[in-house]
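Visitor: I would like to take a close look at a single part of this protein, the second largest pocket. Could you guide me through what surrounds this pocket, and then through the enclosed spaces elsewhere in the model?

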Amino acid sequence: MADPLIFNPLTYDPAHFDTETRRLLRATIDWFESRGKRRIIEDYRSRAWLGDFLEFSAKEGLFATFLTPASATDREDGRWDTARIAALNEIFGFYGLDYWYAWQVTILGLGPVWQSDNAAARDRAAELLSQGEVFAFGLSEKAHGADIYSTDMLLAPDGDGGFLATGSKYYIGNGNAAGLVSVFGRRTDVEGPDGYVFFAADSRHPAYHLVKNVVDSSKYVSEFRLDGYPVGPDDVLHTGRAAFDAALNTVNVGKFNLCTASIGICEHAMYEAVTHARNRILYGRPVTAFPHVRRELADAYVRLVGMKLFSDRAVDYFRSAGPDDRRYLLFNPMTKMKVTTEGEKVIDLMWDVVAAKGFEKDTYFAQAAVEIRSLPKLEGTVHVNLALILKFMRNHLLDPAGYEPVATRLDAADDAFLFRQGPARGLGSVRFHDWRPAFDAYAAVPNVARFREQADALCDFVARIAPDERQSRDLDFLLSVGQLFALVVHGQLILEQARLTGLDEDVLDELFSVLVRDFSAHAVELHGKDSASGEQQDWAVAAIRRPVVDEARSARVWERVEALSGAYEMAL
Ligand SMILES: Cc1cc2nc3c(=O)[nH]c(=O)nc-3n(C[C@H](O)[C@H](O)[C@H](O)COP(=O)(O)OP(=O)(O)OC[C@H]3O[C@@H](n4cnc5c(N)ncnc54)[C@H](O)[C@@H]3O)c2cc1C
């Protein structure tokens, strides 16, 4: 029987979605399976452009259905529905991150458009989507990295109410093919934030010059240059501070996709890894007879389950967000930095086991091992997202507020709030529901109880010996505190989702034994930081815990892992 916790294309049937959504998800799986593993790998190795895939998507109306908000389409099933977008991310990650990337940057390119009041630009985008075009998001520049304030894309007034845009963009996905590129720049005649502009460009316009693909891959991560590109009123999406907010709010929408993409990568790699290890005989026994191999594969499995539970629950908060409930602003960077770095650990653990096999060109694993690295680094690095998470720590841990419970959100609703998130400021005032009840509900699970001791210890740290003024300027120190906090939030949403879905308690206990070890490891890290005070060092040592060992439980979880052997193999 297939493991219900791990995506398996052979048995996948997301019965909670409507008929058309299920049809499209199935059609996507079938397209990849019929293209076959050999061809998919060859396209990856030869860096072939994704034309056939985009043709399939255009024919089925896949992007148009999934990425046009209800307010911009007459399609019966057209809506922006984060639950089904997450499901598609997982499928794309499962088959190849390059496919996912073309879709992901289309989402980013659409962000500034769907947030705009410019009806002409919205109509144009909807029409392009229905023709099967892809989109691009032109924010990054070669010289400026995360510092988007310093844009050198300059818009000079043309004397007729419009502008002529000149400048370069770098790392822009789909910049070779996009029907619409959302470009961020600033006016030459207005100083400061009031001068920012987001505008729509066409990659086929003669003033748009494609320079090159800056990476060696099927994904086209372009450098392009605009030379006096005419920007008319119909092309202007946002001006002033609203343009800056549109950039950040678009990244909020876009970065949510990275967690489910990394989950898909890990799932496919896990089938290959467990199947290989289980069937490889050394010294007369399967490799999976080694205790350390079991430990690594079991850790990988429960970490992956944790990634899934967290991400699924984060979907609920994302879809239920509104002006008075901005908790998604914490859970979103968590999906970005925590879930994707967990993905790296999952692949690392499995690669230690499959060793040489992970290099072979006819495996999916070889590309998984490369691609999994990119997700923590894109859409803001781990540091940037951890720094963001820290802004919420005190309110989250120490100052809970009352909220109505958030239900599971798999309904066919349009997530309209994501395109009217408003000013990106005021993060310090966001309040959260109490994290403790999620833990209380599982107080009888030994490692949840053990981890709870560590979470309580962190509250004590924040209340009593929080970073002082000097340490507040030491991001190296702060980030190690951020890692501890991120673990508590990770555990909280995992527990909430476990309760909502009736997760097997053996799996939960085993998963929390990993989180206990992680907390201890980060506490040791904090202990060694240059600027840690004596009190903080003592605290760190006292926060170390040993997980509760239970051999029978571990054996039962191992049986689940072993059952993945042979459970799925991609069609050749
Ligand atoms: C394959 C690929 C595809 C991409 N696609 C797109 C795209 O389609 N559109 C687009 O606009 N961009 C795209 N990018 C750009 C990507 O978003 C940036 O690479 C990313 O935001 C980080 O910038 P950087 O790598 O230049 O790092 P830098 O900004 O140079 O950062 C250097 C270091 O400083 C740290 N740092 C910087 N700022 C802070 C801060 N505030 N707090 C803490 N630490 C900080 C970083 O963590 C990092 O360690 C893509 C990049 C790649 C590689």
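**The second largest pocket and its surroundings**

Guide: Because domain 1 (19-134) and domain 3 (255-403 + 416-562) both contribute residues to the lining of the second largest pocket, this pocket lies between the two domains. Please keep in mind, as we go on, that the model is predicted. The division into domains also includes a domain 2 (136-240), alongside domain 1 (19-134) and domain 3 (255-403 + 416-562), and the centres of domain 2 and domain 3, taken over C-alpha atoms, are 36 Å apart.

The second largest pocket holds about 950 Å³ of space. Its lining is made up of 35 residues, and those closest to the centre of the pocket are P4, H16, E90, K308 and D312. If we ask which helices take part, we find that α5 (82-95), α9 (257-279), α10 (291-319) and α17 (475-501) each supply at least two residues of this lining, and that α10 gives the most, with 6 residues. Sorted by class, the lining of the second largest pocket consists of 19 nonpolar, 8 polar and 8 charged residues.

We can now turn from this pocket to the cavities, of which a search of the whole structure finds 4 with a volume of 30 Å³ or more. The second largest cavity makes a useful companion to the pocket, since domain 1 (19-134) and domain 3 (255-403 + 416-562) both give residues to the lining of this cavity too, so the cavity lies between them. About 50 Å³ of space lies in the second largest cavity, and the residues that line it are W80, T82, I85, I107, V253, F256, N257 and F318. By class, this lining has 6 nonpolar and 2 polar residues, and no charged residues.

The largest cavity, for its part, has a volume of about 70 Å³. Its lining is formed by I40, D43, Y44, Y95, G96, L97, D98, Y99, S218, Q367 and E371, and the helices α2 (37-45), α6 (97-114) and α12 (365-371) each supply at least two residues of that lining. Here the classes are 5 nonpolar, 3 polar and 3 charged residues, whereas the lining of the second largest cavity has no charged residues.

To return to the part you asked about, the second largest pocket lies between domain 1 and domain 3, because both domains give residues to its lining, and α10 is the helix that gives the most to that lining.

Conventions
Residues are numbered from 1 along each chain as its sequence is written. This is a predicted model: local features need pLDDT of at least 70, side-chain atom pairs count only at pLDDT 80 or more; totals for chains, interfaces and linings use all residues. Side-chain values use heavy atoms; hydrogens and water are left out. On a 1 Å grid over the protein atoms alone, a cavity is a set of points where a 1.4 Å probe fits but cannot get out, and a pocket is an open set with protein on both sides within 12 Å along at least five of seven lines; lining residues have an atom within 4 Å of a point. Grid points are joined across faces, edges and corners, and a volume is the space filled by probe spheres set on the points. Helices (H or I, at least four residues) and strands (E, at least two) are DSSP runs, numbered from the N terminus. Ala, Val, Leu, Ile, Met, Phe, Trp, Tyr, Cys and Pro count as nonpolar, Asp, Glu, Lys and Arg as charged, and the others, Gly among them, as polar. Domain bounds come from an automatic or database domain assignment.
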